[in-house]
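Colleague: Please take a close look at one part of this model, the largest nonpolar core, and describe it for a student who is new to such structures.

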Amino acid sequence: MADAAQAARHVLIAADKFKGSLTAVQVAQRVTAGLRRVAPEVTVESVPVADGGDGTVAAAVAAGFERREARVTGPLGEPVTAAWALRDGTAVVEMAEASGLQLLPEGEFAPLTATTYGSGEVIAAALDAGARTIVFGVGGSATTDGGAGMLAALGARFLDGSGAPVGPGGGALAALASADLSGLDPRLADVDVVLASDVDNPLTGPKGAPAVYGPQKGASPEDVAELDAALGHYAKVLSESVGPDALTHAEAAGAGAAGGIGYGALVGLGARFRPGIEVMLDVLGFAPALAKATLVITGEGSLDEQTLHGKAPAGVAAAARAAGIEVVAVCGRLALPAEALGRAGIRRAYALTELEPDVARCIAEAGPILEDLAERIAADFLN
């Protein structure tokens, strides 16, 4: 690898978090420390990345966005503090900060009643701050309410047969009799809302939000059937209010993201769907950093089949390959063969389990082990 070693003198670290162990910023710090033990002269730049799910706001803040906070309604109706980010009129809003699974008490789920109301409140905070573009990162939700809670927070009305507002959560949508989006915050009409997600599922059906992701949120098979029927009814009622596009959007890529909040964003916010990693690479300033790089190091906690379908390392590798720049990856666990890595544009992957077979220790001591792994990368590519 002598030729690569001579050329690789400007390293760009563009890795996602190691979930449960290290943030994306910490991954970059540890990899940098390990590289410099072997190649102290190397130039290292880091752009911590995210794919629109949890960690998206943290990645934006690491890239220079201002961290903001809003006190909003959590998924169970209790107040929570949600972080979001702002720079030059662009807001980065992460729905998991207001409506995420991580906000639920351990072992407690509310598949039928969890609400996205707080996500709408964070969007309102971004509007109050003068945002002209809102990057709405969706993933990691505790909810399956089709974004009805979010839209209600922004002025929409969802009423039952007696004219009373329906209750929170996707289950309550079975009782929906009428929907009125005319009261939505008028500022939304002048804002570009980008729905950023690594999920392209439709709203309902065998690949829809309830069937595919409901069980992760505590939904029983009976709950899944109830939620699927309720969301289908919700889309039908919305079509009577806003027109046939409401049914078309239910089949659109991303409609099923984060318990169907993608659908609510498409129908009510006029959002446009883009793969989360593509959006975030643009927002985080990846292209100018890539232009200077001679080696890119990406990664995430587990490199597996999911990685190949819109996760951050695949997006980073695709962009680097298009620019003719070599890519290696770091991870906690590697579950992809070399051929699959090669097709994704990753020359080689380095896993923590190569150095420490005990997975529990890998999780507990991820930082020091990752530094040792980065020494191997430096020896292979920088010397």
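Modeller: The core is described below, followed by one residue of a helix that contributes to it. The model is predicted, so local features need pLDDT of at least 70 and side-chain atom pairs pLDDT 80 or more, whereas totals for chains, interfaces and linings use all residues. Residues are numbered from 1 along each chain as its sequence is written, and side-chain values use heavy atoms, without hydrogens and water.

The largest nonpolar core (buried Ala, Val, Leu, Ile, Met, Phe, Trp, Tyr and Cys residues joined through side-chain atoms within 4.5 Å) has 56 residues. The members that touch the most other members are Ile123, Phe136, Phe158, Tyr234 and Tyr263. Helix α10, residues 257-268 (a DSSP run of H or I, at least four residues, numbered from the N terminus), gives the most to this core, namely seven residues.

Tyrosine 234 deserves its own description. Leaving aside residues up to four places away in sequence, Tyr234 is in contact (heavy atoms within 4.5 Å) with Asp145, Gly146, Gly147, Ala148, Leu151, Phe158, Leu173, Leu176 and Tyr263. Apart from the largest core lies another core, of 41 residues, including Ala59, Ala85, Val194 and Phe286.

Helix α10 also holds alanine 258. Most residues other than glycine have a negative phi. Alanine 258, however, has a positive phi, near 50°. Alanine 258 is also buried (under 20% relative accessible area, with a 1.4 Å probe and protein chains only), its own relative accessible area being 10%.

Definitions and conventions. Buried means under 20% relative accessible area, exposed over 50%, partly exposed in between (1.4 Å probe, protein chains only). Helices (H or I, at least four residues) and strands (E, at least two) are DSSP runs, numbered from the N terminus.
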